[in-house]
Amino acid sequence: AAFLATAIIGSQLSVRAQRRAREAEDRNLEMERIHSLGRTLLAHDTLHATGEAAAVQIVAALDASGAALYNAQIQHTHTTGAIPDVGDRLRSAYKSGIPWTGGSPRICVYPLVSGEHCIGALAIQSDDLSETAVRLTLSLISVALERAAATEKAVEAGAISRNQELRRAMVDAFAHNLKTPLTSIKACASALLRRSTG
(Lines give C-alpha, C1' and ligand atoms only; values in the text may rest on other atoms or scores of the structure.)
Protein backbone atom coordinates (compact mmCIF):
# COMPACT_ATOMS: atom_id res chain seq x y z
CA ALA A 1 0.00 0.00 0.00
CA ALA A 2 2.87 2.38 0.82
CA PHE A 3 4.59 1.59 -2.48
CA LEU A 4 1.32 2.07 -4.36
CA ALA A 5 0.62 5.40 -2.62
CA THR A 6 4.18 6.58 -3.31
CA ALA A 7 3.90 5.58 -6.99
CA ILE A 8 0.55 7.40 -7.38
CA ILE A 9 1.82 10.55 -5.63
CA GLY A 10 5.07 10.42 -7.64
CA SER A 11 3.23 10.09 -10.95
CA GLN A 12 0.85 12.95 -10.05
CA LEU A 13 3.79 15.17 -9.11
CA SER A 14 5.55 14.21 -12.34
CA VAL A 15 2.46 15.03 -14.45
CA ARG A 16 2.05 18.34 -12.61
CA ALA A 17 5.74 19.21 -13.15
CA GLN A 18 5.48 18.36 -16.86
CA ARG A 19 2.34 20.50 -17.17
CA ARG A 20 4.07 23.45 -15.47
CA ALA A 21 7.14 23.04 -17.68
CA ARG A 22 4.90 23.03 -20.79
CA GLU A 23 3.06 26.15 -19.54
CA ALA A 24 6.39 27.88 -18.88
CA GLU A 25 7.58 27.03 -22.41
CA ASP A 26 4.31 28.35 -23.87
CA ARG A 27 4.62 31.58 -21.87
CA ASN A 28 8.25 31.97 -22.96
CA LEU A 29 7.30 31.49 -26.62
CA GLU A 30 4.45 33.96 -26.20
CA MET A 31 6.79 36.58 -24.71
CA GLU A 32 9.26 36.10 -27.57
CA ARG A 33 6.44 36.67 -30.05
CA ILE A 34 5.31 39.82 -28.21
CA HIS A 35 8.91 41.06 -28.19
CA SER A 36 9.05 40.53 -31.95
CA LEU A 37 5.75 42.40 -32.31
CA GLY A 38 7.13 45.35 -30.31
CA ARG A 39 10.32 45.53 -32.41
CA THR A 40 8.32 45.55 -35.63
CA LEU A 41 5.87 48.20 -34.41
CA LEU A 42 8.64 50.59 -33.34
CA ALA A 43 10.15 50.43 -36.84
CA HIS A 44 7.26 52.49 -38.27
CA ASP A 45 6.78 56.26 -38.00
CA THR A 46 3.30 56.94 -39.38
CA LEU A 47 -0.10 56.07 -37.93
CA HIS A 48 -1.18 54.22 -41.09
CA ALA A 49 2.01 52.12 -41.33
CA THR A 50 1.96 51.34 -37.60
CA GLY A 51 -1.70 50.24 -37.69
CA GLU A 52 -1.11 48.07 -40.75
CA ALA A 53 2.01 46.49 -39.19
CA ALA A 54 0.15 45.80 -35.92
CA ALA A 55 -2.64 43.88 -37.66
CA VAL A 56 -0.20 41.89 -39.81
CA GLN A 57 2.17 41.09 -36.91
CA ILE A 58 -0.62 39.90 -34.61
CA VAL A 59 -1.48 37.27 -37.21
CA ALA A 60 2.15 36.44 -38.05
CA ALA A 61 3.87 36.63 -34.65
CA LEU A 62 1.07 35.68 -32.27
CA ASP A 63 -0.43 32.88 -34.40
CA ALA A 64 -3.87 34.48 -34.50
CA SER A 65 -6.11 33.52 -37.41
CA GLY A 66 -7.18 37.15 -37.93
CA ALA A 67 -6.89 40.65 -36.52
CA ALA A 68 -8.49 44.06 -37.06
CA LEU A 69 -7.32 47.39 -35.68
CA TYR A 70 -9.48 50.53 -35.62
CA ASN A 71 -7.29 53.63 -35.46
CA ALA A 72 -9.51 56.49 -34.27
CA GLN A 73 -6.91 59.17 -34.99
CA ILE A 74 -7.10 58.53 -38.75
CA GLN A 75 -10.53 56.80 -38.59
CA HIS A 76 -9.30 53.74 -40.48
CA THR A 77 -9.62 49.98 -39.86
CA HIS A 78 -6.68 47.71 -40.72
CA THR A 79 -7.69 44.07 -41.25
CA THR A 80 -5.54 40.96 -41.75
CA GLY A 81 -6.29 37.23 -41.90
CA ALA A 82 -9.59 35.40 -41.84
CA ILE A 83 -11.43 37.66 -39.40
CA PRO A 84 -15.00 38.61 -40.44
CA ASP A 85 -16.13 42.23 -40.65
CA VAL A 86 -16.06 43.58 -37.09
CA GLY A 87 -16.02 47.30 -37.89
CA ASP A 88 -19.15 48.02 -35.84
CA ARG A 89 -17.82 46.06 -32.83
CA LEU A 90 -14.50 47.93 -33.02
CA ARG A 91 -16.16 51.36 -33.10
CA SER A 92 -18.50 50.33 -30.28
CA ALA A 93 -15.55 49.20 -28.10
CA TYR A 94 -13.73 52.44 -28.94
CA LYS A 95 -16.70 54.62 -27.94
CA SER A 96 -17.75 52.68 -24.84
CA GLY A 97 -14.36 51.46 -23.64
CA ILE A 98 -15.93 48.04 -22.94
CA PRO A 99 -14.36 44.82 -24.34
CA TRP A 100 -16.48 42.26 -26.20
CA THR A 101 -16.01 38.52 -26.78
CA GLY A 102 -18.11 36.28 -28.99
CA GLY A 103 -18.54 34.60 -32.34
CA SER A 104 -17.37 31.28 -33.64
CA PRO A 105 -14.41 31.06 -33.96
CA ARG A 106 -13.92 33.25 -30.90
CA ILE A 107 -13.20 36.95 -31.48
CA CYS A 108 -12.16 39.30 -28.68
CA VAL A 109 -12.49 43.07 -29.15
CA TYR A 110 -10.56 45.35 -26.80
CA PRO A 111 -10.41 49.15 -26.53
CA LEU A 112 -6.94 50.68 -26.98
CA VAL A 113 -6.29 53.15 -24.18
CA SER A 114 -3.46 55.66 -23.88
CA GLY A 115 -3.37 57.60 -20.63
CA GLU A 116 -6.91 58.78 -19.93
CA HIS A 117 -8.34 58.56 -23.46
CA CYS A 118 -9.23 55.81 -25.92
CA ILE A 119 -7.34 55.88 -29.24
CA GLY A 120 -8.91 52.91 -31.01
CA ALA A 121 -9.87 49.24 -30.68
CA LEU A 122 -8.31 45.88 -31.49
CA ALA A 123 -10.04 42.63 -32.49
CA ILE A 124 -8.14 39.33 -32.27
CA GLN A 125 -9.44 36.02 -33.56
CA SER A 126 -7.52 33.41 -31.53
CA ASP A 127 -8.10 30.77 -28.86
CA ASP A 128 -4.48 30.51 -27.72
CA LEU A 129 -3.55 33.94 -26.32
CA SER A 130 -3.28 34.29 -22.57
CA GLU A 131 -4.69 37.30 -20.74
CA THR A 132 -1.15 38.51 -19.98
CA ALA A 133 -0.21 38.35 -23.67
CA VAL A 134 -3.34 40.26 -24.61
CA ARG A 135 -2.62 43.02 -22.06
CA LEU A 136 0.99 43.33 -23.24
CA THR A 137 -0.11 43.42 -26.89
CA LEU A 138 -2.66 46.15 -26.19
CA SER A 139 -0.06 48.21 -24.32
CA LEU A 140 2.52 47.80 -27.10
CA ILE A 141 0.08 48.83 -29.82
CA SER A 142 -1.15 51.84 -27.82
CA VAL A 143 2.41 53.03 -27.22
CA ALA A 144 3.35 52.48 -30.88
CA LEU A 145 0.30 54.43 -32.11
CA GLU A 146 1.00 57.32 -29.71
CA ARG A 147 4.65 57.36 -30.81
CA ALA A 148 3.63 57.42 -34.49
CA ALA A 149 1.17 60.27 -33.82
CA ALA A 150 3.88 62.26 -32.00
CA THR A 151 6.33 61.64 -34.85
CA GLU A 152 3.78 62.80 -37.43
CA LYS A 153 3.10 65.95 -35.39
CA ALA A 154 6.84 66.65 -35.09
CA VAL A 155 7.32 66.20 -38.84
CA GLU A 156 4.33 68.46 -39.52
CA ALA A 157 5.65 71.10 -37.09
CA GLY A 158 9.06 70.93 -38.77
CA ALA A 159 7.46 71.33 -42.19
CA ILE A 160 5.45 74.35 -40.97
CA SER A 161 8.59 75.89 -39.49
CA ARG A 162 10.53 75.36 -42.73
CA ASN A 163 7.61 76.78 -44.70
CA GLN A 164 7.62 79.93 -42.54
CA GLU A 165 11.40 80.29 -42.93
CA LEU A 166 11.07 79.94 -46.70
CA ARG A 167 8.27 82.52 -46.74
CA ARG A 168 10.40 84.97 -44.73
CA ALA A 169 13.39 84.40 -47.03
CA MET A 170 11.21 84.99 -50.11
CA VAL A 171 9.76 88.20 -48.61
CA ASP A 172 13.28 89.42 -47.71
CA ALA A 173 14.57 88.60 -51.19
CA PHE A 174 11.57 90.30 -52.80
CA ALA A 175 12.03 93.37 -50.60
CA HIS A 176 15.75 93.47 -51.44
CA ASN A 177 15.09 93.09 -55.16
CA LEU A 178 12.46 95.80 -54.99
CA LYS A 179 14.64 98.09 -52.88
CA THR A 180 17.68 97.88 -55.24
CA PRO A 181 15.89 99.28 -58.35
CA LEU A 182 14.16 101.91 -56.21
CA THR A 183 17.53 103.05 -54.87
CA SER A 184 18.90 103.27 -58.43
CA ILE A 185 15.84 105.19 -59.63
CA LYS A 186 16.11 107.56 -56.67
CA ALA A 187 19.83 108.17 -57.34
CA CYS A 188 19.17 108.83 -61.04
CA ALA A 189 16.26 111.15 -60.24
CA SER A 190 18.45 113.05 -57.76
CA ALA A 191 21.22 113.39 -60.35
CA LEU A 192 18.74 114.64 -62.96
CA LEU A 193 17.32 117.14 -60.51
CA ARG A 194 20.80 118.46 -59.68
CA ARG A 195 21.61 118.85 -63.39
CA SER A 196 18.36 120.64 -64.12
CA THR A 197 18.87 123.05 -61.22
CA GLY A 198 22.61 123.50 -61.93
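Modeller: A residue counts as exposed over 50% relative accessible area, as buried under 20%, and as partly exposed in between. Keep in mind that this is a predicted model.

Biologist: Is Gln 75 buried or exposed?
Modeller: Gln 75 sits in the loop between E1 and strand E2 (76–81). Its relative accessible area is 64%. The cut-off for the top class is over 50%. Gln 75 is therefore exposed.

Biologist: What is the phi of Gln 75?
Modeller: Most residues other than glycine have a negative phi. Gln 75 is not a glycine, yet its phi is positive. The value is about 50 degrees.

Biologist: How many salt bridges does the structure hold?
Modeller: Asp 45 pairs with Arg 147. Asp 88 pairs with Arg 91. The total for the structure is two.

Biologist: How far apart in sequence are the parts that Asp 45 and Arg 147 tie together?
Modeller: The closest N and O atoms of Asp 45 and Arg 147 are 3.4 Å apart, and the two form a salt bridge. Asp 45 lies in the loop between H1 and helix H2 (47–61), whereas Arg 147 belongs to helix H4 (residues 131–197). The pair therefore joins parts of the chain separated by 102 residues.

Biologist: Which class of exposure does Arg 147 fall in?
Modeller: Its partner Asp 45 has a relative accessible area of 39% and is partly exposed. Arg 147 has 32%. That value lies between the 20% and 50% limits. Arg 147 is therefore partly exposed.

Biologist: By about how many helical turns are Asp 88 and Arg 91 separated?
Modeller: Asp 88 and Arg 91 form a salt bridge, with the closest N and O atoms 3.3 Å apart. Both belong to helix H3 (residues 87–96), where they are three residues apart. That makes the separation about one turn.

Biologist: What is the relative accessible area of Asp 88?
Modeller: Arg 91, at 31% relative accessibility, is partly exposed. Asp 88 is classed as exposed. The value for Asp 88 is 62%.

Biologist: Is the pair of Tyr 70 and Tyr 94 stacked or edge-to-face?
Modeller: The structure holds one aromatic pair. In it, the ring centres of Tyr 70 and Tyr 94 are 5.6 Å apart, with the planes at 65 degrees. The angle needed is over 60 degrees. The pair is therefore edge-to-face.

Biologist: Which strand holds Tyr 70?
Modeller: The aromatic pair links distant parts of the chain, 24 residues apart. Tyr 94 is in helix H3. Tyr 70 is in residues 66–71, strand E1.

Biologist: Is Tyr 70 buried or exposed?
Modeller: Tyr 94 is partly exposed, at 26% relative accessibility. Tyr 70 has a relative accessible area of 7%. The limit for the lowest class is under 20%. Tyr 70 is therefore buried.

Biologist: Which residues form the positive surface patch with Arg 20?
Modeller: Arg 20 is in helix H1 (residues 2–41). It has a relative accessible area of 56%, so it is exposed. The other members of its positive patch are Arg 16, Arg 19 and Arg 22.

Biologist: Which residues form the negative surface patch with Glu 25?
Modeller: Glu 25 also has its place in helix H1. At 55% relative accessible area, Glu 25 is exposed. Its partners in the negative patch are Glu 23, Asp 26 and Asp 128.

Biologist: How far apart in space are Phe 3 and Ser 196, C-alpha to C-alpha?
Modeller: Phe 3 is in helix H1. It is exposed, at 77% relative accessibility. Phe 3 and Ser 196 are 193 residues apart in sequence, and their distance in space is 135 Å.

Biologist: What separates the C-alpha atoms of Val 134 and Cys 108?
Modeller: Val 134 belongs to helix H4. With a relative accessible area of 3%, Val 134 is buried. Cys 108 is 26 residues away along the chain, and the C-alpha separation is 9.8 Å.

Biologist: And how far apart in space are Leu 42 and Gly 81?
Modeller: Leu 42 is in the loop between H1 and H2. It is partly exposed, at 44%. Leu 42 and Gly 81 are 39 residues apart in sequence, and the C-alpha to C-alpha distance is 22 Å.

Note on methods. Residues are numbered from 1 along each chain as its sequence is written. This is a predicted model: local features need pLDDT of at least 70, side-chain atom pairs count only at pLDDT 80 or more; totals for chains, interfaces and linings use all residues. Side-chain values use heavy atoms; hydrogens and water are left out. Patches are made of residues with over 30% relative accessible area and no salt bridge: like charges are joined within 9 Å, nonpolar side chains (Val, Leu, Ile, Met, Phe, Trp, Tyr) within 5 Å. Accessible areas come from the Shrake-Rupley method with a 1.4 Å probe; for residues, only the protein chains shown count as cover. A salt bridge is a side-chain nitrogen of Lys or Arg within 4 Å of a carboxyl oxygen of Asp or Glu. Lys and Arg count as positive and Asp and Glu as negative; His and the chain ends are not counted. The place of a charge is taken as NZ of Lys, CZ of Arg, CG of Asp or CD of Glu. Helices (H or I, at least four residues) and strands (E, at least two) are DSSP runs, numbered from the N terminus. Buried means under 20% relative accessible area, exposed over 50%, partly exposed in between (1.4 Å probe, protein chains only). Rings of Phe, Tyr and Trp (its six-membered ring) pair if their centres lie within 6.5 Å; planes under 30 degrees apart count as stacked, over 60 as edge-to-face and the rest as tilted.
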